[in-house]
Amino acid sequence: MDVIMIGAGYVGLTTGACLAELGHRVTCVDNDASKVARLKRAEIPIYEPGLSELIGKLVSAGRLSFSDDLAEVAPHAQLAFIAVGTPSAPNGDIDLSYVKNAAVGLAPLLKPDAVIVIKSTVVAGTAKLVRELVTEVRGRDDVHVASNPEFLREGSAIRDFLEADRIVAGADDRRAAEVLALLYEPLRAKGVPFVATNTTNAEMIKYAANAFLALKIGFINEVADLCEAAGGDVAAVADGIGLDHRIGRAFLNAGPGFGGSCFPKDTRAFAAIGRRYGQPQLIVETLIERNEARKAALSDRILSELKAGSRRVAILGTAFKANTDDVRDSAALTVIPLLKKAGAKITAHDPKARHETERHLKGISWADCPYEAATNADAVVILTEWEEYAALDLARLAKAMAGRSLLDFRNLFAAEEVNRHGLRYIATGRRPAAPISSIHSQPTGAGSGDWSEIAAAPA
């Protein structure tokens, strides 16, 4: 099928490439001529594992191309995806102006029976609004509008598309439903569930799914705080409740709070939808407040580990999670300014997100590796769960540091291993543990309360 993708951002590029991988002919269209020129030179503006290689392969195969001329490519399209931004408005709702502008621009160019597919995350009723706009511009009702929300996680987006949990296809007429079914036939044939519903339901599914996943994160973070106070271990608790098939283990990793392009924006929009319809989503409203408070509280926790006059802090990880360069609503964007305000000197490291971080934060030093960042640091703070941080040589790290505090808000290490290198380990959802040097008189394993080795021992 001939497909155009309006918007060559994260969602547009990934979706466009994956649709081309399914065998369709896809043109990604963007009004930023310089971006299109870079894409034609195989310069991918985002970091997503495997995306650059996939795009290169599909461009060479002639199934993926780029253009800044909508009038040239739109008349040939059977499907026109809208994958533009929907930024947050001050009240938490979303700004639909980019979606509307894209629809109005497409309207006079499309051939009859073409299908506009809204891939952008939009509030309930948007597809119907777009259809009204397109009909008004064309002067006739001969173009169809569908909703096909994305469920791509940054860092695993290609796999999430090609091995999707489900495809949600929202259509209010038979033609749009049939075209979406045909578009995704290669995935349907592999057994990927295909949820055929109306556009309002499809739009609601996206928001409800993200709100629920964010609630799981918020819940386990609250449990983590309780574990610290009571002397528990949140990882063990998460494992225990995650084995219940009604709950599941996914999204039960305690940490510094959720960020990125989806959960913060989508939970705010979901709450705004509730207010608009007179059905406040009070659980989600509380989640939003607690998530932001959690990020801010991290700075107090870090400062409490610093002695008077000791204000050198190494921050490892500024992306909101590993395997992406996205820093939107990341913990680092909250923590670093608060530490600086308290007089701390920050040296940061992130394997992919430095450039994006520098667009938001000034006045911090950057290191080329974690050990350089840790040199003479009074405390080292892990905010992102990059694999290279989990593989740190703790002896080398300890030797580089001036202080003894390792604050690991991603729980990448076993406390005993960190303590063995003379470091005080502060993790999420566990009580802080002192270095081995200060507890050498305590019998091994005393007071740990962890008898997991018994389960592994032969009877």
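## Internal cavity

In this predicted model, a search of the whole structure finds 1 cavity of 30 Å³ or more (a set of 1 Å grid points where a 1.4 Å probe fits but cannot get out). The largest cavity has a volume, taken as the space filled by probe spheres set on the points, of about 30 Å³.

Its lining (residues with an atom within 4 Å of a point) consists of S120, T121, V122, S147, P149, E203 and K206. By class, this lining of the largest cavity comprises 2 nonpolar, 3 polar and 2 charged residues, where Ala, Val, Leu, Ile, Met, Phe, Trp, Tyr, Cys and Pro are nonpolar, Asp, Glu, Lys and Arg charged, and the others polar.

## Packing of α1 and α3

Helix α1, which covers residues 10-21, packs against helix α3, residues 51-61, at an angle of about 50°, and their axes (lines fitted to C-alpha atoms over the stretch in contact) lie 10 Å apart. That angle makes α1 oblique to α3 (outside the ranges under 35, over 145 and 65 to 115 degrees). The crossing in which α1 passes α3 is left-handed, the near helix being turned anticlockwise from the far one by less than a right angle.

On the α1 side, L13, T14, A17, C18, A20 and E21 are in contact (heavy atoms within 4.5 Å) with L51, L54, I55, K57 and L58 of α3. The residues of this contact of α1 with α3 divide into 8 nonpolar, 1 polar and 2 charged.

## Packing of α12 and α13

Helix α12 spans residues 263-276 and helix α13 spans residues 282-304; their axes come within 9 Å and cross at roughly 145°. As α12 passes α13, the crossing is left-handed.

The contact is formed by T267, R268, F270, A271 and R275 on α12, together with V284, E285, L287 and I288 on α13. The contact of α12 with α13 includes 5 nonpolar, 1 polar and 3 charged residues.

## Packing of α10 and α13

Helix α10, residues 199-230, packs with α13 at an angle of about 45°, and the two axes are 10 Å apart. The helices α10 and α13 are therefore oblique to each other, and the crossing of α10 and α13 is left-handed.

From α10, the residues A211, A214, L215, G218, N221, E222, A224, D225 and E228 meet I283, V284, L287, R290, R294 and R301 of α13. The contact of α10 with α13 divides into 7 nonpolar, 2 polar and 6 charged residues.

## Basis of the values

Residues are numbered from 1 along each chain as its sequence is written, and side-chain values use heavy atoms, with hydrogens and water left out. Local features need pLDDT of at least 70 and side-chain atom pairs count only at pLDDT 80 or more, whereas totals for chains, interfaces and linings use all residues.

Technical notes:
1 Å grid on protein atoms, 1.4 Å probe; cavity = no way out; pocket = protein on both sides within 12 Å on 5 of 7 lines; lining within 4 Å. Axes fitted to C-alpha atoms, helices over the stretch in contact; angles between N-to-C directions. Helix = DSSP H or I, 4+ residues; strand = E, 2+ residues; numbered from the N terminus.
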